[in-house]
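Please look through the sequence and the model shown here, and then read the report that follows, which takes up one topic under each heading.

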Amino acid sequence: MRLPLTVLRPAPTELPLDRQEVLRYLGYRPGVTHLADRHDVLVDQGIALAVAAAAPAVSLGYCGIIVNDGEVLTRVPGLMWRSRALSRLLRGGVGVSLVAATLGPGIDALAARLFAEEEYALATVVDAAGSALVQGLARCAHAYLHEQIQGLTLTPLFGPGYGDWDVHDQLALVAEAGGPAIGLTTTETCYVQPQKSLVGVIGWIAPGGRRRVPTTGCDLCQMKECHYRHRGAETG
Amino acid sequence: MDHVLVFDGATGTMLQAQGLPPGYCPDLWCLERPDAVAWVHRQYIEAGAQIIETNTFGATPIRLSHYGLQEKVREINIAAVRIAREAAAGRALVAASMGPLGALVEPLGDFPFDRAYAEFAAQAKALAEAGPDFIIIETIADLNELRAALLACRDHAPGIRRIAQITIDPTGRAFTGTDPETAALVLQSLGADVIGFNCSVGPDVLVSAVEKMARVARVPISAQPNAGLPLLQLDGTTTFPMGPAEFAAYGPKLVAAGASYVGGCCGTTPEHIRQLRAAVEGLRPRTAPGPLSQVLGLASRTQSLFFVDQNLPVAIGERINPTGRKLLTKDIKEGTFALVRKEAKQQVAAGAAVLDVNVGVPLIDEAAAMAKAVQVVQDTVPVPLCIDSADAAVLEAGLKAYVGKPLVNSFSLEEGRAERVLPMVKRYGAAVLGLTIDENGLPSSAKQRFEIAKRLVAAAESYGIPRWDVVIDPLALTAGAQQAQAAETLKAIRLIREELGCRMSLGISNISFGLPNRHFLNAVYLNMAMTAGLDMAIMNPNDERMMDTIRATRLFLNRDVNAREYMAVVGPKRLVHTEDEVLAKAEKAAGTAASAGKAAAPVTVSPAAQSGAPADPLGARLYSAILEGDKDGIMPLIEQGLAEGRAAMDMLNRYLIPAIEEVGRLFGEGTYFLPQLMLSAGAMKKAFARLKPELQKAKAGSAEIGTIVLATVQGDIHDIGKNIVAVLLENYGFKVIDLGRDVKNEVVVEEARKAGADLVGLSALMTTTMPQMKKVIEMFAAQGTDIPVLVGGAATTRAFAQQIGAAGYGRDAQEAVALALRLLEARKAAAQV
């Protein structure tokens, strides 16, 4: 089964943005890093500039899948992914949403311009805010699918280049997900353009299929500021 | 202890192997599946564990409330101890596990300290009924949460031995900044019977942490590492890389480092424990006390100060005291605390090693004000505090709010004072200052003061406060009124120190009251007191003459090794000595800048700027401007320096480079985050650009120290990391030729050749473009060129750098710069040979 592409263009101000995530990207360590008021102002300014420069867009495709051990076959001719990590994630899955998400070229250009103007600190904040915003955009896409799809469980977004999923699969995935329709392309070396973009799949898990319910680790923990949350380790 | 004892390993994964369903409360199995819990215990006991941990890691009300089980705290904890006891059947000791609350306690988070205490107290009460051999507080990274747990256990399970384990990350500190020495100092002072580490990192990281802790510990040390650093899998599970044999091989190393108890945490299995037991069998724990275990130590959350000769004497800043100060009184009364914060920063920047906090304002809730002041000051500066009040309730509020080991100021033998103060000093693990005053007031002779000091020490010891945690103040009286007393106080210092071995403190400024030229008199008396054996002075650290007197004394006592501090701070001065003189000079300097049409920007001194700041006023402001990243404020200062005839090279080497090096250090330890590093880099770049033509004019050597060609490799379009490195390299005087991003290999090689580059730096984000680095290195080799190539970028590693023949690898911008400096130096040295 293949479904037509869906394109979402949420307003930048509607994107969920976790300020603590921006700080973490910038190396902030709670209880260790000392920030003066002016640094908080700088962070807020960088975030505001990044939001203003963002033109978020998400393209969503769909294809059915068959999951084997170590590989995922798709219903799209010629499209197959070899990855143990991916096959584990999609175990019990019936299909995937193919996701291409971008904030557009504005943030890249803004960060470059600020650097050229020797506004180095602001440039780093804009860059970090862009990284947090694009994660927010992915969460938007996930929430949209969650509303649309009844009775199925969705996996987190996962993309080529992570775990053992070959980054070269990104080239075909961008095309299938409708990346060009929202201005998202890849270089031959698999870099996405604009830089503040994400490409990946969100699995659809059928009822009775594997459900991802964490019993330990960060998802269960209330300590949102925890250093280990960022790194992905578990405690206890 | 004669033998090393071995704990068990991970529990959760073992229960899952027994069928614990995903999302189910593990602790509830103590009631529903005692057979499965007992099976886990037996597995570990049969593997050789000598201490097993109960299945109560999450058995506090708040953790159980996630499953609607908050009413079962008592039932679960009691059942858990019974199951463990029965499984042990006399073959192993039972330690009741007490894990983190899952909420960040104030002030780092918003979970109230009192509530944290109540949560732990509820579990401790149940455990007191059950009677385990130990309560083991574990997997907690926040020192304040550990304090709450320890106090709750002391209060509600008083007869049970307490093990307190902190969790650190690969940097060797807790993520909240606490280092092993500080953890040891605070936890053992709070009454932990065993201190140590568990979880988060592998045994390799813990070996050095245990070594550091052992220098301070006077109680046994435990170490329960993970089976290596956890690796998150894509399905949400975690794997651990270290097998049983590799894990067990670290057992003897942990014991040699100072651990008496070893065991495992996440990722370990009965097989890990079996092999660990075999590896440490027959080993004897170290029994010699650590060199810092029986000396006075004070600590904040992130750092400790040990009162050993090499670190002494020190200044305790006295400026946070509203007596006679209208603005500070108003600041405290209105609850603003902005001036308190400012005073804290200034005193630490001036060199104070400890800050005294006194909020004695009439008609306010002084206890609440003390708690707030302590929180504000510890949030602003990293040095330990001295909590100062005549009111015991106010002292207690400060002690409760303080995360660390403070000094309490003070107690005496006046009626009821010792009885009120000493119990709380003991409870909160503080040190205490004793004043030589008794029921009859202050005696006149040194001998009488010595007799009172003996009684002060005995009183403290009777409450379980060790002698080394008692500091004696023999009190300086006003020389203008009681001239003979000045010498008696000095005699008392000598006598008490020699006979009782206590550290000595003195409030200095009272000595000169009513006499002219007080700063001068204070400095002379301070010098006399230090010569008599004074270890710390409560004084105004903004008084440069006083601080310089301490620095000079440290030099003559051979404690300032190679006169490093003296040369750095006092050396550049034209002996400016009173606070008034300094202020006048600073105003004059500001006036000069303003008259040039460029008002000098206000410079605030970072809390992190401590003893490294130069004392020459202009130098100090240049240094601060870099530290604060004040790119607008630095230019008038540079112009002022040039107008005064200062050499550009001198300003660069003496103030700017040390400042940017300090910024790098602060960034490396996490005190600064990236934007602060970049603000400083921006200020440095501006300053360097202005000095560069002056350097060339003066022919003071080349303005640049070397040339580096930077590029993001062919096919890679990301360059922010490379850009950051470029700015920092320029800060250190490199000529940077930045070729941009997606640069063809041939272009890199050709441009480096044309520029006569000393170094080449290449950046790549992803594995798809990393091979280009190897190609560039091969091209250089093919041409017979020996330019060292540095590599960096998200996916690069040290191993990759070695594999492709790169000269080095920078994990981040700061490391890249350090590497570049080393390589350049080596290259120049080789060229000279």
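## The nonpolar cores

The largest nonpolar core has 208 residues, and those with the most contacts inside it include Ile135(B), Ile195(B) and Val432(B). Such a core is a set of buried Ala, Val, Leu, Ile, Met, Phe, Trp, Tyr and Cys residues joined through C-beta atoms within 7 Å, where buried means that 20 or more other C-beta atoms lie within 10 Å of a residue's own, these atoms being placed from the backbone. Because domain 1 (5-280) and domain 2 (297-553) of chain B both give residues to this core, it lies between them; the domain bounds come from an automatic or database domain assignment.

A second, separate core of 145 residues includes Ala53(A), Ala128(A), Leu652(B) and Ile777(B).

## How the model is read

This is a predicted model, in which local features need pLDDT of at least 70 and side-chain atom pairs count only at pLDDT 80 or more, while totals for chains, interfaces and linings use all residues. Residues are numbered from 1 along each chain as its sequence is written, and chains are lettered from A and ligands numbered from 1 in the order in which they are written.

## The open sheet

In chain B, eight strands (DSSP runs of E, at least two residues, numbered from the N terminus) form an open parallel sheet in the order β1-β10-β7-β6-β5-β4-β3-β2, with pairing taken to require at least two DSSP bridges. Strands β1 (5-6) and β2 (51-53) of chain B stand at the edges with a single partner each, so one side of each is left without a neighbour in the sheet.

Key. Helix = DSSP H or I, 4+ residues; strand = E, 2+ residues; numbered from the N terminus. Buried ≥ 20, exposed ≤ 12 C-beta atoms within 10 Å, placed from the backbone.
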